[in-house]
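Here are some worked exercises to try with the model open beside you. Attempt each task before reading its solution.

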Amino acid sequence: MDPNSLSPEATWLLPDGLEDPRYVRAPDPSLSAYADQFLDEVQSIPTYRPTIGCVIPAYNEGETIAGVLDSLLQQTRLPDAIHVIINNTSDDSVEVASHYAGPHTRQTATGEQSTVIYVHDIGKNPDKKVGALNYGYSLVETMDYLLGVDGDTTPEPDAVEHLINEIASDDRIGGISAVYSIDDSALKGPIEKFLIAGQRAQFSAFNMQNMLKGRNMAVLGGQFSIFSTQALRDVLRDSHQRTPWVNDSEVEDSLLSLQIKSAGYLTKISARARAHVGGMNTLRSLDAQQVKWNFGAIDLMWPGQRGDTKGQPFHPNLRLRWFEHLSMVINMTTRLMFFILLMGALTINAFVFRAWWIVPPVAAVWLNFRVAHSMQFRNRKDYLFVLLVFPAELYMMVRMGHFVRAWLKFFSRQQTDNWAAQAKAERGKGTAWLYPFLALAVFLAGIGVAWTQIPIETTSNILAVGWPILGIITILQTVWMIMKSMRRYRGFKA
C-alpha cells in the first residue's frame with residue numbers, strides 16, 4: 001500500500017512501538033452511533049428455546065394430582081405443554097385434573113412464561129402405565145424433549161430448569177433423571193414412619209452410587225425424568241418398536257434406559273434437579289412394588305427370557321443390578337449363618353463372645369450414617385433409623401423377603417400380572433407379603449428340629465467349620481463397608 005495514499009490524520013505503528021501519523025487511519029466518528037444500534041439489534045435476536053412436552057400417566061391419583069400440577073405450574077421453567085393421561089381410573093382423578101385444563105401464564109425471573117394443560121381420559125387401557133406413556137409420547141413426539149412425571153411426584157421449583165439445562169448442553173445425553181427423595185410428611189403411625197425411613201435410605205444409597213460413578217444412571221425412573229425425543233426415535237429404529245415403552249416388561253423404565261444406552265446415548269442422574277415421590281406406607285404395598293422391581297430386573301439380567309426384551313446380562317446398565325443382587329445374597333448368608341450358629345452354640349453351651357464381633361455392626365452403622373447425612377432433605381427420623389440399628393436391620397430383612405420372593409417367582413415361571421398385584425396391594429388386598437415371614441419361620445423351625453436330632457460330636461464339628469467360614473465372609477464384607485464409608489462424596493447430595 002502506498003503510504004502517501006493515506007489521509008494526513010492517519011497514524012502508523014512502527015515495529016518498535018512508535019507511532020507515525022502517516023500510516024494508521026483514525027476511527028470514523030460516524031460509526032460510534034451505528035455500533036450501539038448494531039449491538040441492540042444483535043441482542044434482540046431471539047435465542048432458541050427447546051420445547052418440552054410433559055406427560056403424566058395417572059391411575060387413581062385423585063388425592064395427589066392437584067399437588068403435582070401445582071408444583072409444575074410453579075416451576076422456574078414451565079414445560080410448553082402438560083398432558084395428563086388418565087387411565088383405568090375409578091376415583092375422581094378426571095374431575096380434579098379438569099380444573100387445571102387450559103392455558104396458564106406466570107411471571108418468572110426470565111420473563112413471562114406460558115403453558116397449556118390438557119387432560120385426556122383414555123378409559124380402559126390394557127397396557128396400564130405403559131399404554132398411558134405411549135399415548136403421551138404420540139402427543140409430544142414433535143417436541144425436543146419429553147418430561148415424564150408420575151401422578152404422585154412433586155418436583156422442587158427449579159427441577160425442570162436444571163434438567164433442561166443439563167440435557168440441552170450435551171447432545172450425547174439421551175435422558176436425565178432427577179434425584180428422588182421419598183416424601184415423609186403426614187405420616188400416621190410407627191409402621192409408616194419405619195417403612196418410609198427405610199425407603200428414603202434405600203433411595204439415597206442408590207442415588208449416591210450413581211452420582212459417584214460419573215453421574216451415570218442405570219435406570220431413568222419414570223417418577224421425574226427428561227428424555228430426548230431424538231433418542232427415543234433412535235430407540236424405535238434400533239429396537240424395531242412402534243412405541244418407546246413396551247408392555248411385556250415389568251420395569252419399563254429400566255428397559256428403556258438400556259435401549260437408550262445401547263443406541264449410543266448417555267443416561268445420567270442430575271446433580272441439582274430434585275423431586276419428591278410417593279412412598280409405600282404398608283408392608284403389603286411395599287412388598288408388591290419391590291417384588292415387581294426385582295422380578296423385572298431379573299428378567300432383564302437373565303439371558304433369553306423374552307423375544308423382544310431378552311436378557312442382556314453384560315449390559316453396562318445392569319452391572320449395578322448384578323452387584324446389588326450379589327450383595328443381597330451375601331447379606332442373607334451372613335445373617336442366617338450367624339443366627340443358626342449362635343443358636344446351635346447356645347444349645348450345647350459352646351458360645352464364646354468375641355469383642356471383634358462389634359466391628360461389623362459399627363462399620364454398617366457408620367456407612368448408613370454417612371448415607372443419611374448425605375441426604376439433601378435429611379431430618380431427625382433419618383438419623384434415628386440408622387443410629388438405633390434395629391430399624392435398619394429389620395428393613396434389610398424385609399428387603400430380603402422381597403428379593404427371595406422375586407427370584408422364586410422367576411424360577412417358578414409364574415405368569416403373574418405384577419402391575420395388577422401392586423395395584424391390589426395398594427388397595428389393601430392380598431396376603432403374598434406374608435409368605436417370606438412364614439417361610440423363614442418354617443425354615444428356622446426345621447433347622448431347630450434337625451439340630452436337636454444331630455449327635456453332639458456332629459454339632460461341634462459343624463460349629464468348628466461354620467464359625468471360621470462366617471468369620472472370613474464377615475471380614476471381607478466389613479472391609480468393603482469401611483472402604484465405601486471412606487469414599488469422598490465430592491459435594492454431592494442424595
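**Exercise 1. A helix over the sheet**

Which strands does helix α4 (residues 128-140) lie across, and at about what angle does it run to β3?

Solution. Keep in mind throughout that this is a predicted model.
- Step 1: start from α4 and look for the strands beneath your view of it; they are β3 (52-58), β4 (81-86), β6 and β7 (145-149).
- Step 2: compare directions, and you should find α4 running at about 155 degrees to β3.
- Step 3: set this in context, since the protein has 16 helices and 11 strands.

**Exercise 2. Tracing the sheet**

Find the order of the strands in the sheet, and name its edge strands.

Solution.
- Step 1: walk from strand to strand, which gives the order β5-β6-β4-β3-β7-β10-β9-β11-β8.
- Step 2: classify the result as an open sheet of 9 strands with mixed pairing.
- Step 3: pick out the edges, β5 and β8 (154-155), each of which pairs on one side only.
- Step 4: begin at the β5 edge, where β5 (residues 102-108) and β6 (residues 111-121) pair in the antiparallel sense over 7 bridges. The two strands form a hairpin with 2 residues between them, and R106 of the pair has Q113 in β6 opposite.

**Exercise 3. Both sides of β10**

Work out which strands pair with β10 (residues 224-228), and decide whether its residues are buried or exposed.

Solution.
- Step 1: on the β9 (residues 173-182) side, 3 bridges join the strands, and they run antiparallel. Here S177 has S225 as its bridge partner, while I176 stands opposite I226.
- Step 2: turn to β7, which is joined to β10 by 5 bridges, again antiparallel. L147 is bridged to I226 in β10.
- Step 3: recall a general rule, that side chains in a regular strand alternate between the two faces of the sheet.
- Step 4: apply burial to each face of β10. F224, I226 and S228 are buried on one side, and S225 and F227 are buried on the other, so both faces are covered.
- Step 5: conclude that β10 is largely enclosed by the rest of the structure, because 5 of its 5 residues are buried. For the protein as a whole, buried residues make up 46% of the 494 residues.

**Exercise 4. Two crossings of α10**

Describe how helix α10 (residues 319-347) packs with α16 (residues 456-485) and with α13.

Solution.
- Step 1: choose the descriptors; two packed helices are described by the angle and the distance between their axes.
- Step 2: for α10 and α16, the axes come within 10 Å and cross at roughly 140 degrees, and the crossing is left-handed. The contact involves, among others, F323, I330, N331 and T334 of α10 and I462, W467, I473 and Q477 of α16.
- Step 3: for α10 and α13, the angle is about 115 degrees and the axes are 10 Å apart. This crossing is also left-handed. Contributors include H325, M328, N331 and R335 from α10 and E393, M396, M400 and W407 from α13.

**Exercise 5. One residue, several neighbours**

Which residues does N331 touch, and is N331 buried or exposed?

Solution.
- Step 1: locate N331 in helix α10.
- Step 2: leaving out residues up to four places away in sequence, list its neighbours: M396, M400 and Q477.
- Step 3: examine the polar side, where the side chains of N331 and Q477 make a polar contact at 2.6 Å.
- Step 4: judge burial against the cut-off of under 20%. N331 counts as buried because its relative accessibility is 13%.

**Exercise 6. The buried side of α12**

Where do the buried residues of helix α12 (residues 380-387) lie, and what do they pack against?

Solution.
- Step 1: mark the buried residues, D382, F385 and V386.
- Step 2: view them down the axis; they cover an arc of only 90 degrees, which puts them on the same side of α12.
- Step 3: identify their partners, α6 (190-212), α11 (359-373) and α13 (390-412).
- Step 4: inspect the ends. At the start of α12, a side-chain oxygen of N379 reaches to within 3.0 Å of the backbone nitrogen of K381. Just after the helix, V389 has a positive phi of about 65 degrees.

Note on methods:
Residues numbered from 1 in each chain as written. Predicted model: local features only at pLDDT ≥ 70, side-chain atom pairs only at ≥ 80, totals over all residues. Heavy atoms only, no water. Buried < 20%, exposed > 50% of the residue type's maximum accessible area, 1.4 Å probe, protein only. Helix = DSSP H or I, 4+ residues; strand = E, 2+ residues; numbered from the N terminus. Arc of directions from axis to C-beta. Contact = heavy atoms within 4.5 Å. Polar contact = N/O pair within 3.5 Å; in protein donor to acceptor, adjacent residues only side chain to side chain. Pairing = 2+ DSSP bridges. Axes fitted to C-alpha atoms, helices over the stretch in contact; angles between N-to-C directions. Left-handed = near helix turned anticlockwise from the far one by under 90°.
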